[in-house]
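Thanks for making time for this. I would like to walk you through one structure, going from its charged pairs to its strands and then to its empty spaces.

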Amino acid sequence: MGPAPMKEHWEKVYASKRETDVSWFQEHAWLSLQLIREAGVPTDAAIIDVGAGASRFVDDCLREGYRNLTVLDVSAVALATARARLGERAAEVHWLEANVLDAALTAHAYAVWHDRAVFHFLTDPSDRHAYVQQVLRAVKPGGLVIVATFAEEGPTLCSGLPVVRYSPSALHAEFGAAFELLGHRREVHETPAGQEQAFVYCLCRTNPGALEASPED
Ligand SMILES: C[S@@+](CC[C@H](N)C(=O)[O-])C[C@H]1O[C@@H](n2cnc3c(N)ncnc32)[C@H](O)[C@@H]1O
């Protein structure tokens, strides 16, 4: 799917459904928060949630005391929904309406990169390559990368679009030697319609040596 139809798709989704009705809705992003807590991420660390949609991960992070938060999504409607929900607290968050594949992200700005259910839409290897280059560019050396996708036994479609499903090792392999796999978790997400979806979360640390060797730097 090219960039324009992709944006159109997501704008339509968020304009036609309530945030609580989309299949990926979570009241709280407990597992993501747990991984961040376990990694000992300090509250002044810069955290970016890419393809965040209207997710409540940002609300949870604010509640935990994190105060350097960036929310990126291609959908203006999704970002507006999240901002409206947060009210005055929205001013504490950096909002970026952009395609994660070509967003002008500041080099080495983020201590944590969080993606739930976005990378799995990248069915074209060149898009996955562009995504990994963006992570290498934007994340500080030694930063944390949390990527959650549908697991091998998960659905083949998400929001009506085809996805790639991953085992933990296959997901890590997409990122390569510049990412040290610290661990992985599995989660069964229950959609608002009551269906179960198997997710895998990989937690990696960027390897400073490999970052220095990156041709993008
Ligand atoms: C399945 S939703 C997941 C939303 C959120 N991460 C969550 O867990 O609730 C996928 C999100 O990724 C966004 N998205 C898809 N492709 C994107 C891209 N290339 N750049 C930025 N956002 C993208 C969509 O607008 C949508 O909000």
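Let me begin with a definition: when I say salt bridge, I mean a side-chain nitrogen of Lys or Arg within 4 Å of a carboxyl oxygen of Asp or Glu. Please also keep in mind that what you see is a predicted model. By that rule, the count of salt bridges comes to twelve, and I will take three of them in turn.

The pair I would look at to start with is Asp-59 and Arg-85, which form a salt bridge with their closest N and O atoms 2.6 Å apart. This pair links distant parts of the chain, since Asp-59 sits in helix α3, residues 57-63, while Arg-85 sits in helix α4, residues 76-86, and the two are 26 residues apart. Are these two partners buried or partly exposed? Asp-59 has a relative accessible area of 6% and is therefore buried, the cut-off for that word being under 20%, whereas Arg-85, at 22% relative accessibility, counts as partly exposed.

The second pair is Lys-7 and Glu-11, whose closest N and O atoms are 2.7 Å apart in a salt bridge. Here both partners belong to helix α1 and lie four residues apart, about one turn of the helix. Lys-7 is partly exposed, with a relative accessible area of 28%, while Glu-11, with 16%, is buried.

The third pair joins the side chains of Arg-186 and Glu-152, at 3.2 Å from N to O. Arg-186 belongs to strand β8 and Glu-152 to the loop between β5 and β6, so this salt bridge ties together parts that are 34 residues apart in sequence. Both of these count as partly exposed, Arg-186 at 46% relative accessibility and Glu-152 at 37%. Beyond single pairs, there is a network in which salt bridges that share partners join Glu-19, Glu-27, Arg-56, Asp-59 and Arg-85, and you will recognise in that list the pair Asp-59 and Arg-85 that I began with.

Let me turn now to the strands, and to β5 in particular, which covers residues 139-150 and has nine of its twelve residues buried. On one side of the pairing scheme, β5 runs parallel to β4, with six bridges joining them. The chain gets from β4 to β5 through helix α5, residues 125-138, in a β-α-β crossover that is right-handed. Within this pairing, Trp-113 has Val-145 of β5 as its bridge partner.

β5 also pairs with strand β9, residues 196-206, this time in the antiparallel sense and over seven bridges. Val-145 stands opposite Cys-204 of β9, and Leu-144 stands opposite Arg-205 of β9. Like β5, strand β9 is mostly covered, with nine of its eleven residues buried. β9 is in turn joined by eleven bridges to β8, residues 179-190, and these two strands run antiparallel; one example is His-184, which stands opposite Cys-202 in β9. Between β8 and β9 there are five residues, making a hairpin, and Gly-194 in that turn has a positive phi of about 90°.

That brings me to the empty spaces. Which residues line the largest cavity? They are Val-145, Val-147, His-172, Phe-175, Cys-202 and Cys-204, and two or more of the lining residues come from each of β5, α6 (168-175) and β9. The largest cavity has a volume of about 30 Å³, and its lining divides into five nonpolar residues, one polar and no charged.

The largest pocket, for its part, holds about 820 Å³ of space. It is lined by 40 residues, with Met-6, Trp-10, Ala-117, Val-118 and Phe-121 lying nearest its centre. By class, this lining has 24 nonpolar, nine polar and seven charged residues. At least two lining residues come from each of α1, β2 (68-73), β4 (110-116) and β7 (161-162), and α1, which gives the most, supplies four. That is also the helix where Lys-7 and Glu-11 both lie, and with that I will stop and take your comments.

Terms used:
Residues numbered from 1 in each chain as written. Predicted model: local features only at pLDDT ≥ 70, side-chain atom pairs only at ≥ 80, totals over all residues. Heavy atoms only, no water. 1 Å grid on protein atoms, 1.4 Å probe; cavity = no way out; pocket = protein on both sides within 12 Å on 5 of 7 lines; lining within 4 Å. Points joined across faces, edges and corners; volume = space filled by probe spheres on them. Nonpolar A, V, L, I, M, F, W, Y, C, P; charged D, E, K, R; others polar. Buried < 20%, exposed > 50% of the residue type's maximum accessible area, 1.4 Å probe, protein only. Pairing = 2+ DSSP bridges. Right-handed = clockwise from strand over helix to strand, strands pointing away.
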